[in-house]
Structures are given as structure tokens and as C-alpha cells.
Amino acid sequence: MTRIGAERAAEKRRRALGVPEVVDGDAGDEPIGALPAETVEALARIVVVLDHTKDLVNIAGVARVMMNFGLTRLRLVKPDEFDTWRIGGIAHKSQRITEVATLYETLDEALADVSFVVGTSARARTAGRSYTRPRDVAAQIAERVHEANRGTVAIVFGREDRGLTNEALDRCHAVAVIPTDPAYKSLNLAQACLLLAYEVFLALGEGARPLPKGRRATRPPTQEELEATFAALEKGLGAIDFFKSRKPESVLRTLRTLVSRAQPDLREARLIAAIGHEIKNKIDRKG
Ligand code: SAH
């Protein structure tokens, strides 16, 4: 099937299932850039483990988050339901994650080859565990995955209704607790995953990339050009008798302060000058 064909089929399935589309903006998501190879390699050393997930919509949400933040390896320990076709109908293009996801009978099997296990929990339950915050644990994860010889890192998420069991938390080297309003601590599974994935992404340096400039700014005006702007404004305002009993110097001073605070570029300064010129021309023509 062609890509367009596959997308149409996914859309039909989503409608047939009556599942709300949680995914948007895909048309514009065609790759224009790519993550640097170094980041891709580092992210490939991370596995996301979902323990006994109840709801397929959450698996879809996690797959989507993983795609957003360059994570590729999903492991599922006995999910209540798992169907790449249905998940694809909810999270567009998620097959690239779910088709290579691996299923396990036990959490121990899913973690067998992992050397650093990060659990996640809505609440710090038993004393004696290493609880941490996402930002701190993300720094630790980033440090590990930068080096190939430091093994695989797992980030583990618990079941929607009960979270990770104590036995599961015993397998974790660190347990990340996302700070929340104490009155409502439990995040949606995929949203918790989003925060962890985002922090890891930032810790890998991806938040520091410069954004494209909004528009091409011209150079700043020279003093002479700025003076011409104010002169044009003064003439225009004079032509409509704006000053009346006001002192022109004092009005001009306020306008100067305003304009210098805005630090206009040349194009903007010329626009202000043009306003002055146009007013004057119009009045002169009327005679
Ligand atoms: N009632 C459960 C909440 C489960 S929510 C509990 O008490 O733990 C499903 C999963 O989302 C959790 O197991 C955890 O992996 C993640 N999660 C939800 N809220 C979180 C939070 N505040 N901090 C870290 N992980 C959280």
C-alpha cells in the first residue's frame, strides 16, 4: 500500500472505531530536518516499558510521545489489549513504534538486558527508595546514554489504576515522581511519559537548538535615518494641526522615547516615516 493509501486506511479505521483523533498536524510533520546522529544513537539506548497497561488508547498516546521525542523502543509487559492496527487508528503512523514493540510475560524479562531502570510513580510510597524528579533523573539518563558501553536504560510506567507494584519498584534504581498538586497527583500514563521523554530530550541538548527567525529583520536605522523618521512625523502631525496648544518638542520627545524603546529595524522606521509623509501629502493635496 502506498503511504497515502495507508494513511487513508488508518483514518477509515479510526472513524469506524469511533475513536477521537488524538493526533493532529501530521500533514505538516514531514521531516524537514532530522535529529543529529549522536542524539539518535543516545535515544536508541533507552527503552520505554509499560507494565500491565489497561487501555490501548494510552499505548497509542505513549507511541505518539515516543515519536515526538525520538524514542523508538517500546516494551510491553502483558498489556490488557494490544493491536497495532487499532493503535494505528488512534496515533497516526505509530506502527513504526508498535510493529517493532516487544511483548513480555514478566517485568523481569522486559528488564533482563537493562542496566539502569527508572521507575515512575505518582506518589512516594515506601521509605527507603531513591525518589527523584524527572529533570534530575533525565540528567542521569543523558549521561549514561551518551556512552555506548554503559548499557540500556529503561523508563518504566505502571498500570493506570494501581501504578507500579512494590515488587516492580524494587527493580528500579531510581523512581521519578513528577511534582503535582498534592491533591491530584496521578497523571495520565501517556502524559507522564511525555514529561519524562521531554526532559530526557532536553537533557540531551535538543532544547538548545536555535529556532528559525520569524522574519528577515533588516538592519537597525542609522541616526540620520531615525532623524528623518522623526522629521517626517513632525511634519505630518503639524499638517493636521495635531500640536495645537501642545509643545511640539515635548510630543516629539515622547514619540522618540517610545520609538527608541521599540528598537525598530530600518523597515519599521521607514514605515513610521511613511505615515508622516502620507499625512502631509494628503493635507497638501487638499490644499
Ligand atoms: N494510581 C496510580 C497512578 C497510576 S497512573 C498510583 O498511585 O501510582 C499510571 C502511571 O503513570 C504510573 O504508574 C506512573 O508510571 C505514571 N504516573 C502518573 N502520575 C505520575 C506522577 N505524578 N509522577 C510520575 N509518574 C506518574
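**Exercise 1. Compare the expected span of helix α11 with the distance between its ends, and describe its surroundings.**

Solution. Helix α11 covers residues 248-262, and at 1.5 Å a residue its 15 residues should span 21 Å; the end C-alpha atoms are 21 Å apart, which agrees. The expected span is 1.5 Å times one less than the number of residues. Helices here are DSSP runs of H or I with at least four residues, strands are runs of E with at least two, and both are numbered from the N terminus.

Next, consider the cover of α11. A residue is termed buried if 20 or more other C-beta atoms lie within 10 Å of its own, exposed if 12 or fewer, and partly exposed in between, with C-beta atoms placed from the backbone. By this count α11 is hardly covered, as 0 of its 15 residues are buried. Finally, Gln263 follows α11 and has a positive phi, near 45°.

The model is a predicted one, in which local features need pLDDT of at least 70 and side-chain atom pairs count only at pLDDT 80 or more, whereas totals for chains, interfaces and linings use all residues. Residue numbers start from 1 along each chain as its sequence is written.

**Exercise 2. Summarise the protein chain as a whole.**

Solution. Begin with secondary structure: the protein chain has 12 helices and 7 strands. Turn then to burial: of the 287 residues in the protein chain, 30% are buried. Last, take the contacts, where two residues are in contact if their C-beta atoms, placed from the backbone, lie within 7 Å. Among contacts in the protein chain between residues at least 6 apart in sequence, 83% join residues at least 24 apart.

**Exercise 3. Establish the strand order of the sheet and trace its pairings.**

Solution. The open sheet is formed by 7 strands in the order β3-β2-β1-β6-β4-β7-β5, with parallel pairing. Its edge strands are β3 and β5 (131-132), each of which pairs on one side only. Two strands pair if DSSP finds at least two bridges between them.

Step one concerns β2. Strand β1 (residues 46-51) runs parallel to β2 and is joined to it by 5 bridges; Val48 has Leu74 in β2 as its bridge partner. On its other pairing, β2 is joined to the parallel strand β3 (residues 102-104) by 3 bridges, and Arg75 is partnered by Thr102 of β3. Strand β2 (residues 73-77) is mostly covered, with 4 of its 5 residues buried.

Step two concerns the connection from β1 to β2. Together with helix α3 (residues 56-68), these strands make a right-handed β-α-β unit. Right-handed means that, with the strands pointing away from the viewer, the path from the first strand over the helix to the second runs clockwise.

Step three concerns β4. Strand β4 (residues 114-120) pairs in the parallel sense with strand β6 (residues 152-157) over 5 bridges. Val114 is partnered by Thr152 of β6, and Phe116 by Val153 of β6. Strand β4 is also joined to β7, in parallel, by 3 bridges. Of the 7 residues of β4, 5 are buried, so that the strand is mostly covered.

**Exercise 4. Determine the environment of Ala176.**

Solution. Ala176 lies in strand β7 (residues 174-176) and is the bridge partner of Thr120. Ala176 counts as buried because it has 26 C-beta neighbours inside 10 Å. When residues up to four places away in sequence are not counted, Ala176 touches Val118, Thr120, Thr132, Arg133, Pro134, Val137 and Leu196. One of these, Val137, is 39 residues from Ala176 in sequence, while the C-alpha atoms of the two are 6.9 Å apart.

**Exercise 5. Locate two non-glycine residues with positive phi and classify their exposure.**

Solution. His52, in the loop between β1 and α3, has a phi near 50°. With 19 C-beta neighbours inside 10 Å, His52 is partly exposed. Lys93, in the loop between α4 (84-90) and α5 (95-98), has a positive phi of about 65°. Lys93 is partly exposed, with 17 other C-beta atoms within 10 Å.

**Exercise 6. Describe the residues around the ligand.**

Solution. The ligand is surrounded by 19 residues, the closest being Thr120, Gly158, Gly163, Ile178 and Ala192. A residue is near the ligand if its C-beta atom, placed from the backbone, lies within 6 Å of it. By class, the shell holds 9 nonpolar, 6 polar and 4 charged residues. Here Ala, Val, Leu, Ile, Met, Phe, Trp, Tyr, Cys and Pro count as nonpolar, Asp, Glu, Lys and Arg as charged, and the others, Gly among them, as polar.
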